[in-house]
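User: I would like to learn how to read an interface between chains and the packing of helices. Please take me through an example.

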Amino acid sequence: MDWDKIHLLMDRYFEGETTLEEEASLRRLFNSAAEIPEDLKKYQPLFTYFEQSQHTVFPTTKKPFSKQFIPWIAVAASVLIIFAIPFKSQQQTPDEQQLQQAYEELRSNMNVMSTYLNKGKKQFAYLEVWNQTTQKFIK
Amino acid sequence: MPLAIENNFVDQIEALRDKIFRVTKRLLISSDEAADATQEVIIKLWQLDQNDRKIENMEAYSMTIAKNYCLDRLKSKQANQLSLVENQVTKRQTGLERTLDYKNQWEWVNKLINDLPEKERMVIQLRDIEQYEFDKIAAILDVPQGTVRVYLTRARKKIRTQFLKIQQHGLG
């Protein structure tokens with residue numbers, strides 16, 4: 001290693017005359033395992049500081065919402081399970097057939113309703129045309 | 001709006017977030033304040049017009065917004081008080097009587113740079129840590145390149161003086 005050259009480079013560095021490439025080479029040197037002469041070694045903390053500071057990242061560990069509420073989510077879930085178990089066993093007692101019947105009835109009712117809804121929706125198509133034609137005149 | 005452009009913009013901001021944080025932390029000192037400032041800067045970038053979002057130099061632009069935001073914050077009394085408190089804490093931790101071990105060295109350099117005037121601090125951050133060319137730094141700080149060089153030289157000379165000082169005291 002040509003230490004005289006490094007000394008000159010350091011002088012130029014402190015004068016603010018070095019290029020980015022030269023500064024990068026200084027950073028590499030001071031962050032390497034190289035044996036650095038005593039008079040230059042004192043500047044080592046500066047370049048290790050620069051090297052480390054490049055890697056400072058935005059702190060993402062701060063998640064107050066999720067961390068604060070995780071225990072409560074667990075509590076809510078367990079309460080739900082405790083209440084749901086007896087409820088579920090009660091529901092299984094009514095006759096299956098009766099349930100099926102109720103379901104079919106609901107289904108047919110929904111079908112009828114949806115056909116009416118669709119009929120109504122078709123009427124809106126006319127509205128769209130009306131909008132387009134009026135806009136021509138309003139503009 | 002096309003989803004591709006939107007995603008691209010999110011990626012761009014994501015990539016800049018750490019940089020914005022480092023710069024705001026350099027000016028505001030406190031990590032909490034810097035994290036808040038980073039969020040604010042990102043919101044400002046997000047609110048940009050569709051056309052402005054395609055700014056080629058989004059990076060330099062975000063740095064300018066970050067700098068302006070922090071300088072405004074520093075003007076307010078509250079931020080000044082916070083940074084004062086933090087400075088006292090670091091002062092206590094890095095007594096010069098102590099031998100400078102690795103962690104103390106880091107804190108000593110950190111304090112040394114943070115004690116520089118805002119503009120010199122900013123130039124050191126942008127040059128020595130973010131490694132920007134002079135023209136980019138000039139654009140971010142909105143000053144001529146010559147002025148950037150003056151700030152940088154001044155800052156580095158002060159740093160050197162401090163390093164020579166601890167050597168004279170037989171520490172380091």
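Analyst: The turns below go through the interface and then two helix pairs. Keep in mind that this is a predicted model.

User: How many residues does each chain bring to the contact?

Analyst: Chain A contributes 27 residues and chain B contributes 33 residues.

User: What area is buried between chain A and chain B, and what share of it comes from carbon and sulfur atoms?

Analyst: About 2,900 Å² is buried between the two chains, and carbon and sulfur atoms give 57% of that area. On the side of chain A, A:Leu20, A:Tyr49 and A:Phe58 supply 25% of what chain A buries against chain B, more than any other three residues.

User: How many salt bridges does the rule find across the interface of chain A and chain B?

Analyst: There are 4 salt bridges across this interface. One salt bridge joins the side chains of A:Asp11 and B:Arg160, with 2.8 Å from N to O. Polar contact is counted separately: 16 residue pairs, with both residues at pLDDT 80 or more, are found across the interface.

User: Which helices of chain A supply at least two residues each to the side that touches chain B?

Analyst: These are helix H1 (3-14), helix H2 (20-31) and helix H4 (44-53) of chain A. H4(A) gives the most, with 7 residues. By class, the side of chain A that touches chain B has 11 nonpolar, 10 polar and 6 charged residues.

User: Now the helices. What describes two packed helices?

Analyst: The angle between their axes and the distance between the axes describe the pair. In chain B, the axes of helix H7 (residues 134-141) and helix H8 (residues 145-168) come within 8 Å and cross at roughly 100°. Angles of 65 to 115 degrees count as roughly perpendicular, so H7(B) and H8(B) are roughly perpendicular to each other.

User: Which residues of H7(B) and H8(B) meet?

Analyst: From H7(B) come B:Phe134, B:Asp135, B:Ile137 and B:Ala138, and they meet B:Gln145, B:Val148, B:Arg149 and B:Leu152 of H8(B). This contact divides into 5 nonpolar, 1 polar and 2 charged residues.

User: Where do H6(B) and H8(B) stand on distance and angle?

Analyst: The axes of helix H6 (residues 118-129) of chain B and H8(B) come within 9 Å and cross at roughly 95°. H6(B) and H8(B) are therefore roughly perpendicular to each other. Among the residues that meet are B:Val123 and B:Ile124 in H6(B), and B:Val148 and B:Leu152 in H8(B). The contact of H6(B) with H8(B) holds 7 nonpolar, no polar and 7 charged residues.

Notes. Residues numbered from 1 in each chain as written. Chains lettered and ligands numbered in written order. Predicted model: local features only at pLDDT ≥ 70, side-chain atom pairs only at ≥ 80, totals over all residues. Heavy atoms only, no water. Contact = heavy atoms within 4.5 Å. Buried area = accessible area lost by both parts, 1.4 Å probe. Polar contact = N/O pair within 3.5 Å; in protein donor to acceptor, adjacent residues only side chain to side chain. Helix = DSSP H or I, 4+ residues; strand = E, 2+ residues; numbered from the N terminus. Nonpolar A, V, L, I, M, F, W, Y, C, P; charged D, E, K, R; others polar. Axes fitted to C-alpha atoms, helices over the stretch in contact; angles between N-to-C directions. Parallel < 35°, antiparallel > 145°, perpendicular 65-115°, else oblique.
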